[in-house]
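Q: Could you take a close look at one helix for me and walk me through how it sits in its surroundings? I'd like the neighbouring parts too, as far as they help.

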Amino acid sequence: MKYDLIATSAMGLESIVAKEVRELGYECEVENSRITFKGDELAIARSNMWLRTADRVKIKAGEFKAYTFDELFEKTKAIPWEQFLPENAEFPVSGKSQKSKLFSVSDCQAIVKKAIVERLRSHYKKTSWFEENGPLFKVEVSLVKDVATLTIDTSGSGLHKRGYRVDQGEAPLKETLAAALVMLTNWTPERPFSDPFCGSGTIAIEAALIGQNIAPGFNREFVSESWDWIPSSVWDQARAEAEDLAKYDQPLDIVGSDIDHRMVKISEENAFEAGLGDLVSFKQMRVQDFNPKKDYGVIVSNPPYGERLGDRKAVEQMYKEMGKVLVPFDTWSVYIMTSNENFEKLYGKPATKKRKLFNGFIRTDYYQYWGKRPPRDNR
Ligand SMILES: C[S@@+](CC[C@H](N)C(=O)[O-])C[C@H]1O[C@@H](n2cnc3c(N)ncnc32)[C@H](O)[C@@H]1O
């Protein structure tokens, strides 16, 4: 059976998520914050297991125009919910509404819930209430410009939860965004990699997972694993594939460093939890002391932005010092994400390329400085 699937994406990362979906072998279409594709049960397992930059994978149960509550009710009831939801399903309904006649989210949720209950009642010939003590099917009704999209979440916790984060610093990067930052670079696993503001180690850990082609979801569970219509053999197959495709023998030279020794310890714990204990090394160091022994490396980093009152001056001074140290390493490519609009001036060099990205709600630029190409590199 083929399902309409949606990989949801943070704003600005859609093209990267789409590339990942295509690399899994599924044709897809890109819309605002969502990538749609068709696939079977294995596609659900694979996409959850492999998508590094998507937020969640959802099933699109139905999509239709709805201008009135009656329409919303009838069209929701017409969807064959029994194909997804067993008699004991727990099915909370959440909602959102943008630019639509039906703007009361709580009413829309209640109507969708009622319509699904009616549909299931007549299918399961039930006269009493559903106990809802079985597997979880999180339904969402999303209204955008009077189009209602009804989805069922297959992921459970968001896909950024890889299962390795035991601790974090003050401003940890979401794992999905960290992976995207690495995927936007010219890094290949043969080249040295460094994050000199590593915090809790997210970027370095994501780089190591990418470098060894380890599926980001390999060490976690997904809510759809408890659904009876996806046989456990499908999940076994997806995990076996992931195991086959991992390149555990790929050597890596990945270093994370931070001025704060507590961050170094947290990074080490997280990397250990990710099973990458020996592959990524962390040390206490100021960016001002960056002095790599090798050429043609790649820096991907998320320094402090200095957004808090009083921090800005110190951060700007640090950016200047950072430029003085990093610019002379002209074989290194440097990729820095910050919200500071004066970054290039402070760093002392215009970026090769910039890309607008959101870190949560903070608008940032991803400043990209391409280093000299390594000999025989065909980037
Ligand atoms: C925004 S956080 C990085 C968060 C990280 N990406 C994560 O996912 O946890 C910035 C980090 O830069 C570190 N830092 C600040 N000034 C530094 C400097 N001069 N040299 C090195 N690290 C510094 C801070 O200790 C902090 O951990």
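A: What follows is a look at helix H8, and then at other parts of the chain. Keep in mind that this is a predicted model.

Let's start with the helix itself. H8 runs over residues 261-273, so that's 13 residues, and at 1.5 Å a residue they should span 18 Å. The C-alpha atoms at its two ends sit 19 Å apart, which agrees with that expectation.

Now, which residues of H8 are buried? They are Met-263, Val-264, Ile-266, Ser-267, Asn-270 and Ala-271. Around the axis they take up an arc of only 165 degrees, so they end up on the same side of H8. The spacing fits a simple rule: an α-helix has 3.6 residues a turn, so residues three or four places apart point the same way. Flip to the face turned away from that buried side and you find His-261 and Arg-262, both exposed.

And what lies over the buried residues? The cover includes helix H6 (202-211), plus two strands, E9 (254-258) and E10 (280-284). Just after H8 ends, Gly-275 adopts a positive phi of about 80 degrees.

From H6 we can hop over to helix H5, residues 175-183, where Ala-178 lies. Ala-178 counts as buried because 26 other C-beta atoms lie within 10 Å. Leaving aside residues up to four places away in sequence, its contacts are Leu-173, Thr-202, Ile-203 and Glu-206. Ala-178 also shows how the fold brings distant parts of the chain together: Asn-359 is 181 residues away in sequence, yet the two C-alpha atoms are 9.9 Å apart.

Two of those contacts turn up again at the ligand. It is surrounded by 20 residues, and Leu-173 and Thr-202 are among the closest, along with Phe-197, Gly-199 and Ser-200. By character, that shell splits into 12 nonpolar, five polar and three charged residues.

Last stop, strand E11, residues 298-301. Val-298 and Val-300 point one way, Ile-299 and Ser-301 the other, and all of them are buried. E11 has parallel pairings with two strands. With E8 (residues 193-195) the pairing runs over two bridges, and there Phe-193 has Val-298 as its bridge partner. With E12 (residues 333-338) it runs over four bridges, and Val-300 stands opposite Tyr-335.

Terms used:
Residues are numbered from 1 along each chain as its sequence is written. This is a predicted model: local features need pLDDT of at least 70, side-chain atom pairs count only at pLDDT 80 or more; totals for chains, interfaces and linings use all residues. A residue is near a molecule or strand if its C-beta atom, placed from the backbone, lies within 6 Å of it. Ala, Val, Leu, Ile, Met, Phe, Trp, Tyr, Cys and Pro count as nonpolar, Asp, Glu, Lys and Arg as charged, and the others, Gly among them, as polar. The expected span of a helix is 1.5 Å times one less than its number of residues. A residue is buried if 20 or more other C-beta atoms lie within 10 Å of its own, exposed if 12 or fewer, and partly exposed in between; C-beta atoms are placed from the backbone. The arc is that of the directions from the helix axis to the C-beta atoms. Two residues are in contact if their C-beta atoms, placed from the backbone, lie within 7 Å. Two strands pair if DSSP finds at least two bridges between them.
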